[in-house]
Amino acid sequence: MTVTKEKKVIGSVVITAERCKGCGFCVEFCPTHALKLSEQYNSKGYHPPVLISRELCNGCDICGIVCPDFAIYGFMKKKK
Ligand code: SF4
Ligand code: SF4
């Protein structure tokens, strides 16, 4: 018999698009491939990242660690 535990914690990110310079480090280093660069431009002409799916993000904050401009961070929160 297989017992599947329901995920009680989900991850999410906060993105400050205006600080982003579109380097793509966050997209490249995200271990779950939860991010992509947006089609949209910020006011500096760069493509900031967007979350592809909340389900993919585990809140590890690797994106925040690698971002040179403090434009993104990840966090964990309890699932409702
Ligand atoms: S918090 Fe972790 S899983 Fe979520 S987008 Fe950032 S690097 Fe990816
Ligand atoms: S690592 Fe930071 S500056 Fe680079 S694309 Fe991601 S959010 Fe933008």
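Which residues are the closest to ligand 1? In this predicted model, the answer is Cys-30, Cys-57, Cys-60, Cys-63 and Gly-74, out of 14 residues that surround the ligand. Two elements of secondary structure turn up in this shell with at least two residues each: strand S1, which covers 9–15, and helix H2, which covers 62–66. Sorted by class, the surroundings of ligand 1 come out as eight nonpolar residues, five polar ones and one charged one.

Ligand 2 has its own set of neighbours. Around this ligand there are 14 residues, and the ones that come nearest are Cys-20, Cys-23, Cys-26, Cys-67 and Ala-71. As for the make-up of the shell around ligand 2, 10 residues are nonpolar, while two are polar and another two are charged.

Stepping back from the ligands, the protein as a whole can be sketched quite simply. Its secondary structure consists of two helices and four strands, and a walk along the sequence meets them in the pattern β-α-β-β-α-β. What does the C-alpha trace span along its principal axes? The figures are about 55 × 20 × 20 Å.

That leaves burial and contacts. The protein has 80 residues, and 21% of them are buried. Among contacts with a separation of 6 or more, 59% join residues that sit 24 or more positions apart in the sequence.

Notes
Residues numbered from 1 in each chain as written. Chains lettered and ligands numbered in written order. Predicted model: local features only at pLDDT ≥ 70, side-chain atom pairs only at ≥ 80, totals over all residues. Near = placed C-beta within 6 Å. Nonpolar A, V, L, I, M, F, W, Y, C, P; charged D, E, K, R; others polar. Buried ≥ 20, exposed ≤ 12 C-beta atoms within 10 Å, placed from the backbone. Contact = placed C-beta atoms within 7 Å.
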